[in-house]
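Hi everyone, thanks for coming. I'd like to walk you through one structure this morning, so please have a look at it on the screen.

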Amino acid sequence: MSPLTEVELMRTLDEKFIRTSIEFEAMWPTATIIVESGPFRGIDGAIDRERLEAVLMAVGERFVETRMRLMDAPLGLTAPMWVPAGPLDAGYHVGWFPRVPTAAEEPALFAGAGNVPRLRDRPLWRYCVVERADGDLAIIGSAQHALGDALFALKFVDALLGDGPGAPARLGAAPRSRLSGLMVVWGRWLRARTGPRDAWHEYWRKPFRKRLSRWGGRLLRPARNRAIDRRGLRALFAPQPAAAYWFTELAPAAQLAERLGGGVSDLVTALALRVVARLEDGPGEASVAIPVSRRRREAQAVRNSIVMLRVAVSRAAPLADVVAAVHAQVRAFGRSGEGDLSSAESGAYASYLPYRRSPAAIGGAAVRSVLLWPVPIPGSRFGLFASSYAGGLSFTALSAPGLDPAAIRAVVEDELADAWSALAAAEGVAP
């Protein structure tokens, strides 16, 4: 077997993102980048699609991860393997929305609805380009969660904005078959052991019952996916969420968060908790889940290193108290590494990711704004995501049927206004 054969075994912790076609189809984190269109227009004013495709596809060529696809192990004996996909297909990876959408259509498109079909035997990323009514372009990128978490994916966005490596990634040869790929994986695993005794102890370190259930799940996956398609279960368990987005300024939000005893991340989480308290029925405590990274310097290559921390407060607590409580709970987790990792009763989660302080460009086109979207986790009630770029603060919301994302926005804006009013009354601070 050639030592240059390129195979990477998927971690079992990442395999949950592709466990069935429901998870595979739903869990595609998405970013929307709004850029000026002038540099991509020809003399006739039309978009030069070939030029923009070249810019977008160049990023896909730069990284090993974006040039790999999934290959199942024979008989499901291990988790699927990442193997080289061969030449990338621009016709698949870059889609174009066929017309200028209405304002009402934009939120769903920006949240990734146009990045279809999503094929399991291709590299797990796609773009959709939308020409807006004001002439700007929306570049909407989606990647399956198995490819990586938000922190892992930022290096691809950085490359798109001109800060990533420029040379195409070098890959070894793809395995000739699923069996040969499995032999490479097993061979590497054995060579990493000090001997038969070490291999024996390492294999039995994990409970055999868990290994058996995972193996059975892989064997049953094709039948389960056929049943999901036949019975229409995808629409039942992972319905298309409703979407909304809006913008505000970062500086006032940061100032408010500081005065309330936390940071912008604490403020965003607190706003999600106030949404739960005001829009959801439940016990006297409101809870949401927030993603917390456990990434370490020696594990930068790990694709996903996120756990969901449950944060809870009294439903009656005002925003000021909620910000302080969130800050204390997150800080305690950061110090001890221990916290409540159970599911939030509300089925809601929130996150904030600061991106760039200074403006950027794509292929010479100025980036006007950046939207990072929640992951539409099957079974979740709503997600609230905020991100900052060049002094602006963007909010995005996804909600399950029965909850209007416009109502989420209304609560967020009301809570911010009320908090400023309370500060003004108590401290004489102008809103």
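I'll talk about a pocket and then about some salt bridges.

One thing to keep in mind throughout: this is a predicted model.

Let's begin with the second largest pocket, which has a volume of about 1,000 Å³. If you want to find its centre, look for Leu9, Thr78, Ala79, Trp189 and Arg211, the closest to that point among the 29 lining residues. Which elements give two or more residues to this lining? They are β1 (8-9), α1 (12-15), α7 (178-191), α8 (196-203) and α9 (208-231). Of these, α9 gives the most, with 6 residues. As for the chemistry, the lining has 16 nonpolar residues, 2 polar ones and 11 charged ones.

Now, on to the salt bridges. How many are there in the model? The count comes to 26, and I've picked three to show you.

Here is the one between glutamate 8 and arginine 303, with an N to O distance of 3.1 Å. Glutamate 8 sits in strand β1, while arginine 303 is in the loop between β9 (285-293) and β10 (306-314), so this pair links distant parts of the chain, 295 residues apart. Are the two partners buried or exposed? Glutamate 8 is partly exposed, at 32% relative accessible area, whereas arginine 303 is buried, at 4%.

Next, please find aspartate 158 and arginine 356. Their closest N and O atoms are 3.8 Å apart, and they form a salt bridge. This pair also links distant parts of the chain: aspartate 158 belongs to helix α6 (residues 150-160) and arginine 356 to strand β11 (residues 348-356), with their positions 198 residues apart. Aspartate 158 is partly exposed, with a relative accessible area of 25%. Arginine 356 has a value of 15% and is buried, because the cut-off for buried is under 20%.

My last example pairs aspartate 414 with arginine 278, at 3.6 Å from N to O. Aspartate 414 lies in helix α14 (residues 405-427) and arginine 278 in helix α12 (residues 264-279), so the salt bridge ties together parts that are 136 residues apart in sequence. Both partners are partly exposed here: aspartate 414 has a relative accessible area of 36%, and arginine 278 comes in at 39%. There is a network to look at here too, since salt bridges with shared partners join Arg274, Arg278, Asp414 and Glu415.

That's my tour. Thanks for listening!

Technical notes. Residues are numbered from 1 along each chain as its sequence is written. This is a predicted model: local features need pLDDT of at least 70, side-chain atom pairs count only at pLDDT 80 or more; totals for chains, interfaces and linings use all residues. Side-chain values use heavy atoms; hydrogens and water are left out. On a 1 Å grid over the protein atoms alone, a cavity is a set of points where a 1.4 Å probe fits but cannot get out, and a pocket is an open set with protein on both sides within 12 Å along at least five of seven lines; lining residues have an atom within 4 Å of a point. Grid points are joined across faces, edges and corners, and a volume is the space filled by probe spheres set on the points. Helices (H or I, at least four residues) and strands (E, at least two) are DSSP runs, numbered from the N terminus. Ala, Val, Leu, Ile, Met, Phe, Trp, Tyr, Cys and Pro count as nonpolar, Asp, Glu, Lys and Arg as charged, and the others, Gly among them, as polar. A salt bridge is a side-chain nitrogen of Lys or Arg within 4 Å of a carboxyl oxygen of Asp or Glu. Buried means under 20% relative accessible area, exposed over 50%, partly exposed in between (1.4 Å probe, protein chains only).
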